[in-house]
Amino acid sequence: MADGRIVVSSLYTDDAQIDAVAAIYLQHFLIDANSKNRDQFLRDMLTSKYKEWPAATNFVTARTLLLLRGDVVTCAATIRLHRMSHSKFLEVILFATHKDHVKKGYGGLLSSILLWKAHSVGCKQILLRSSNSSTFFWCSQGYKAYPYSKTTKTDPIMCYYDNHCLAFPETVLMYREVGTAFPWVEISLERCKEDLQLDDLGTTVVPIGARARQGPAPDQVTASFLPLAGPLDAEVRQGCGLFDNEKLTAEQLMPPKVTTK
């Protein structure tokens, strides 16, 4: 890979990458005190294992996207696309940047990639669990604490979420509306701490059936992105939902309530 080039790729059955992603997630999340159960849970999730019950741990439609700099996994996100009778939403099961690569713009870049992909398949919302230390970051990406209803009976998304999605200790449920398409990826590339070009090796959020044994060839690029060429105008800056950290408003920074669920 040429210098200045970064790749988003799907995680396949590469044991070294599976171990690398599991280690990144464990840097940020409390998953299970029992190491044997924890390791099996992560492997099941990262290899899209089918499980009949409970529904929240059926990972057959889960996909993990990697942000690679050379052969190094800098950032990863494991996601599931959920279809309800009236809408679709994207669940981000886990999302984390390796601690050696924080503050470089990689997390914001992968977050924007998820926005772009969610929009491309018609998702109206993205829901995720933020760790204690990540709420500021997610606020800068346009996410807010989920507005819980007094009862889930009045909120069909939460009624579905409680039975089909995962929660981890010391995390908070956050969401953002996907809305109109904006050049999210190009904006995030422009904000990275170094000049980068992004190549997308055909990653998808749509269930793809039988799992391939090998990923795309290194030269198989289905989309390529460069940093935004010019400055953002006021309309795009307001509408894209990506905020400069130092310009977050008091309302955007209002700390969400962290729960044990």
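Which residues of strand 2 are buried on one side and which on the other? In this predicted model, Arg 63, Leu 65, Leu 67 and Arg 69 are buried on one side of strand 2, and Thr 64, Leu 66 and Leu 68 are buried on the other. Both faces of the strand are thus covered, and 7 of the 7 residues in strand 2 (residues 63–69) are buried.

Strand 2 has a pairing partner on either side in the sheet order 6-7-5-4-3-2-1-8-9. It runs antiparallel to strand 1 (residues 5–10), to which it is joined by 4 bridges; Val 7 is placed opposite Leu 68 of strand 2. Strand 2 is also antiparallel to strand 3 (residues 72–83), with 7 bridges between the two, and Leu 65 has Ala 77 of strand 3 as its bridge partner. The hairpin formed by strand 2 and strand 3 has 2 residues between the strands, and Gly 70 adopts a positive phi near 65° there.

The sheet as a whole is open, comprises 9 strands and shows mixed pairing. Its edges are strand 6 (144–145) and strand 9 (223–225), each of which pairs on one side only. Helix 6 packs on this sheet and touches strand 7, strand 8 (197–200) and strand 9, its direction making about 45° with that of strand 9. Elsewhere in the sheet, 7 bridges connect strand 5 (residues 125–131) with strand 7 (residues 171–177) in the antiparallel sense, and Ile 126 lies opposite Arg 176 of strand 7.

Leu 189 belongs to helix 6 (residues 184–191). This residue is buried, its relative accessible area being 1%. Apart from neighbours within four places in sequence, Leu 189 contacts Leu 109, Leu 196, Leu 198, Phe 225, Leu 226 and Pro 227. The C-alpha atoms of Leu 189 and Leu 228 are 7.3 Å apart in space, although the two residues are 39 apart in sequence.

Leu 109, one of the contacts of Leu 189, is among the buried residues of helix 3. Helix 3 (residues 106–120) contains 15 residues and spans 21 Å from its first C-alpha to its last, close to the 21 Å expected at 1.5 Å a residue. Because 12 of its 15 residues are buried, helix 3 is largely enclosed by the rest of the structure. The buried set also includes Tyr 106, Gly 107, Gly 108, Leu 110, Ser 111, Ser 112, Ile 113, Leu 114, Leu 115, Lys 117 and Ala 118. Just after the helix, Gly 122 has a positive phi of about 80°.

A search of the whole structure gives 11 aromatic pairs. One of them, Trp 116 with Phe 225, is edge-to-face, with 5.0 Å centre to centre and 80° between the planes. Trp 116 is in helix 3 and Phe 225 in strand 9, so this pair ties together parts 109 residues apart in sequence. Trp 116 is partly exposed at 29% relative accessibility, whereas Phe 225 is buried at 10%. Phe 137 and Trp 138 form another edge-to-face pair, at 4.8 Å centre to centre and 70° between the planes. Here Phe 137 is partly exposed, with a relative accessible area of 25%, and Trp 138 is buried at 4% relative accessibility. In addition, Phe 29, Phe 41, Phe 59 and Phe 168 make up one aromatic cluster.

Conventions: Residues are numbered from 1 along each chain as its sequence is written. This is a predicted model: local features need pLDDT of at least 70, side-chain atom pairs count only at pLDDT 80 or more; totals for chains, interfaces and linings use all residues. Side-chain values use heavy atoms; hydrogens and water are left out. The expected span of a helix is 1.5 Å times one less than its number of residues. Buried means under 20% relative accessible area, exposed over 50%, partly exposed in between (1.4 Å probe, protein chains only). Contact means heavy atoms within 4.5 Å. Two strands pair if DSSP finds at least two bridges between them. Axes are lines fitted to C-alpha atoms, for helices over the stretch in contact, and angles run from 0 to 180 degrees between N-to-C directions. Rings of Phe, Tyr and Trp (its six-membered ring) pair if their centres lie within 6.5 Å; planes under 30 degrees apart count as stacked, over 60 as edge-to-face and the rest as tilted.
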